[in-house]
Every structure is written in structure tokens, then in C-alpha cells.
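Me: Please give me a close look at one part of this model, the charged pairs, and then work outward to the helix packing and the buried residues. Keep it brisk.

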Amino acid sequence: MAQGFRERSFFARNPHVLIFLACLGVFTLAATLMSEAMGTGALSTSFTKILGQTLCLCLVAIAMDLVWGFCGILSLGHFAFFGLGGYMIGMWLMYERTRLIVEPSLAGAALPPTPQEISDAIAGQIFGVVGTSELPLVWSFAGSLPIQLALVVLVPGLLALVFGWLAFRSRVTGVYLSILTQAMTLALALYLFQNESGLRGNNGLSGLQNIPHAGGVSQAWISLWFLWGSALALALGYLLAAWIVSGKFGSVIRGIRDDETRVRFLGYPVEVYKLFVFTLTAVIAGIAGALYYPQAGIINPAELAPIASIYLAVWVAIGGRGRIWGAVLGAAAVSLVSNWFTGGGAPDIRLPGYTISWVNWWQVLLGLGFVLITIFAPKGLAGLVDLITQRRVPDRHGADAGPDQSALREAEEGR
């Protein structure tokens, strides 16, 4: 029977995966049928985009939960990787859309334009707003979609790999590591604010919702395409995260979270595990950002500000860190409630001599909610779900089957 216990399938050991995938499938189908693209109009195109963006935020929340909830690394810089993924795909979107406008306008010239003239015209259109007409070096591959898609993965991954290697080999941990990740994010944001960065400085990249070669396709359909793509990415990300944490690798990173020194003394290369998780989650965040910003339509350096990464940690804490579906729940709840409060859905409250405008007070409300959940529900919304469903920890009978009190009991080995 012990052998049967060990050979249970992945889905049998993780029933929450099938439940999540089923819920995500039902949600995506319902949103599709109610979208403007399908003719019903129950969901506006703008709200369909909000739903797609929310799915992307859920994906980056999974990345944050892996690195913090399971591995114990409180990274306050993961939204920087999210933003870098957006910048990489945004470069191609702006370049290709501008090329499709410039080339027909030059075609009527007496002499056919040379490739250099076309490149200069594109650069003038994109960078005229920052006072230059030269294409920066970082845009060398902006005209190639396959290369830019590769950079969506490579740029956040390489930055995380280099930063993580330097930090983990020096055994920087705890609050010091959190401060370093925040400093990295701040430095990157300040650099991107400069026009010399080659990414249009404070202006950022705009018009990303206008997908090249899709001029005859309505925004209603484009928003639906991105909703489907975001749902697929979230499903794959959830599967990957659940697979990682359900096996031996997951046990090791939990051990690192709970007692890093003990895991190191047991002979495990702690720094390698931490570096792998840090880099992998940066890549996941970059993919989420590449799907998010074409739906948002614009990205600028403010998106990479340290406060954004702090918000990400708050979402995971509210949902319940150490639970993959808890991170998704927290990100989705905060994102949708935030859009309701800041988008005019919540009516202003008029008091004698003062009016409470939720656009200005939403962050105060979010902070208050975070404090209350931390005090009264430390396991987050996931813990409240356990309470509502009356989930109980199973009775533990028999002697320890391992050296730790949390190990399986003899009576449980055959289950």
C-alpha cells in the first residue's frame, strides 16, 4: 500500500489543480460568450481587457508566491521583471506599427527608399518626442517578432540570474535581500526615466493595443484573443507551479524557507535552489508582463516603481502565501476591487464639508484591509476559505515515520 501511495498520479495528489483549471475554463467560456465580440455585449471591450489584465496579474502573483510563499525569498523587485517583459514586446509593437505607416508614405517618392531611409523615418516617428531621430542600439532587433519574444524570456531571466547569483553566493538573506531587490527595481526605474535609456524615457511606449497586421480586426476581438492567451498562460503557469512544489524539489524549497541552515547542513546546494526559483519566477513574471501591457495599451517607467512590487507582495499576503490558488485569489480580488473603486464604480460619499472620493482613498482602504487580514486572518483569504468549508487538519496517529514531527506517521504511510 505504501507503493500505491507513492505512485498516485499528480492530479490525485493535487486535486486543487483540476478544480482551478475547471474554474478558469468556465470563467473564460463565460467571459467569451458575454463579450462584445460575440455580439451579446454583456461585457464591454474595456472590461474584457480588465479581465485579461487580471489574469496576467494572477500569473505574476503565482511567481511571487513561488519565490516568497514557498522559498521564503521576499522579493520586492519582481514587478520589474513584469515591466521588462512588457517593454520587450512593446518595442516590436511600436516598431512594426510605425513601419506599416512609414513605408506606404515613402512609397510615393520619386526614388524607392533605401532600408536606411526607412529605418531613419521609423526612428524619427518613434523618438521625435524625446528630441532624437536615431534608432537606439537596444532597438536593433525590434523589427523581429521571434527575437523580441525570446527577449521577453531572456532579459528578465538574465537579470534575475546575475542579480541572484551575486546575492545568494554572498548569502544575503532576510530583510537585507528584500532591500537589495527593491534597490535593483528603483535603479532600473530611474534609468528608464532617462531619455538616454533608449526606451523613450518618461513617455514610455504607447499605442500597444493597436496590433500590427490586425487593422481589420476590431478591438473587441483583439481583447478576446488576449483574454484567451492570458487564460492559457495562467493555466500553464499554475500547472508548472503545482508540479514544482508537489515533488521533492518543493519539499527542499519549503525546507529552505523554514530553516535554510538545516537544509544546507543536510547537503543540499541551497544557493542553486534559490537561484533557480528566483530566475524561473522572473521569467514567468516577464511572460505575464508581455501579455498585460498590450491590453493596457501603454507602459512607462512608473510601472517598475518599487511600490508596484510591494503591492504584489500585499496581493499574495491577502490571498494567502504558500497556497498557489491563494495567490491567484488575492491578486484577482484586489485587482477587480481596485478597478471598481478607481474606475468610478463606487459612488463618492458626501459628508458635511468633505467628500470621500474612492479614487483618492482606495490605497488607504487597501492598506487597512491588509492590516486587518494580517491580524485576524494571517493565512489570508485562503485561510478564510478553509474556515468556511470547515477544512480540518487530519488526526495524526502512530509514531513518527521521519525525524521531524511534521513527517508522515506510520499509520499514514499506506494511505
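Reply: Buried here means under 20% relative accessible area, and partly exposed means between 20% and 50%. The model is predicted.

Start with Glu260. Lys274 and Glu260 are both buried by that cut-off. Their side chains meet in a salt bridge, at 3.2 Å from N to O. Lys274 belongs to helix α11 (residues 270-296) and Glu260 to helix α10, so this pair ties together parts 14 residues apart in sequence.

Glu260 has another partner. Arg264 forms a salt bridge with Glu260, and the closest N and O atoms are 3.0 Å apart. Both residues of this pair are buried. Arg264 and Glu260 sit four residues apart in helix α10, so about one helical turn separates them.

Now follow Arg264. Arg264 also forms a salt bridge with Glu271, where the closest N and O atoms are 2.4 Å apart. Is Glu271 buried or partly exposed? Glu271 has a relative accessible area of 21%, so it counts as partly exposed. Shared partners join Arg171, Glu260, Arg264, Glu271 and Lys274 into one network. The whole structure holds seven salt bridges. Side chains of opposite charge can pair when their charged atoms come close.

Next, the packing of α10. Helix α10 (residues 248-265) meets α4, with axes that come within 8 Å and cross at roughly 55°. That angle makes α4 oblique to α10. On the α4 side, the contact uses Trp68, Gly69 and Phe70. On the α10 side, it uses Ile253, Arg254 and Arg257. By class, the contact of α4 with α10 has three nonpolar, one polar and two charged residues.

Helix α4 (residues 45-70) also packs on helix α12 (residues 306-319). The angle is about 80°, and the axes are 9 Å apart. The two helices are therefore roughly perpendicular to each other. From α4 come Leu57, Val60, Ala61, Met64, Asp65 and Trp68. From α12 come Leu312, Ala313, Trp315, Val316 and Ala317. This contact of α4 with α12 has 10 nonpolar residues, no polar ones and one charged. Trp68 is named in the contact with α12, and Trp68 is also named in the contact with α10.

Stay in α4 for Thr48. Thr48 has a relative accessible area of 2%, so it is buried. Beyond neighbours within four places in sequence, Thr48 is in contact with Ser35, Leu43, Ser223, Leu224 and Leu227.

Then the nonpolar core. The largest one has 115 residues. Phe79, Phe82, Tyr87, Trp139, Leu205, Leu234 and Ile324 touch the most other members. Helix α4 gives this core its largest share, 15 residues. Take Leu205 as an example. Setting aside residues up to four places away in sequence, Leu205 touches Tyr87, Gly90, Met91, Met94, Trp139, Leu199, Arg200, Gly297, Ile298 and Ile299.

Last, a loop. Ala346 lies between α13 (324-342) and β3 (349-351). Its relative accessibility is 5%, so Ala346 counts as buried. Outside the neighbours within four places in sequence, Ala346 is in contact with Trp340, Phe341 and Trp358. The C-alpha atoms of Ala346 and Trp358 are 7.0 Å apart, with their positions 12 residues apart along the chain.

Terms used
Residues are numbered from 1 along each chain as its sequence is written. This is a predicted model: local features need pLDDT of at least 70, side-chain atom pairs count only at pLDDT 80 or more; totals for chains, interfaces and linings use all residues. Side-chain values use heavy atoms; hydrogens and water are left out. Axes are lines fitted to C-alpha atoms, for helices over the stretch in contact, and angles run from 0 to 180 degrees between N-to-C directions. Angles under 35 degrees count as roughly parallel, over 145 as roughly antiparallel, 65 to 115 as roughly perpendicular and the rest as oblique. Contact means heavy atoms within 4.5 Å. Ala, Val, Leu, Ile, Met, Phe, Trp, Tyr, Cys and Pro count as nonpolar, Asp, Glu, Lys and Arg as charged, and the others, Gly among them, as polar. Buried means under 20% relative accessible area, exposed over 50%, partly exposed in between (1.4 Å probe, protein chains only). A nonpolar core is a set of buried Ala, Val, Leu, Ile, Met, Phe, Trp, Tyr and Cys residues joined through side-chain atoms within 4.5 Å. A salt bridge is a side-chain nitrogen of Lys or Arg within 4 Å of a carboxyl oxygen of Asp or Glu.
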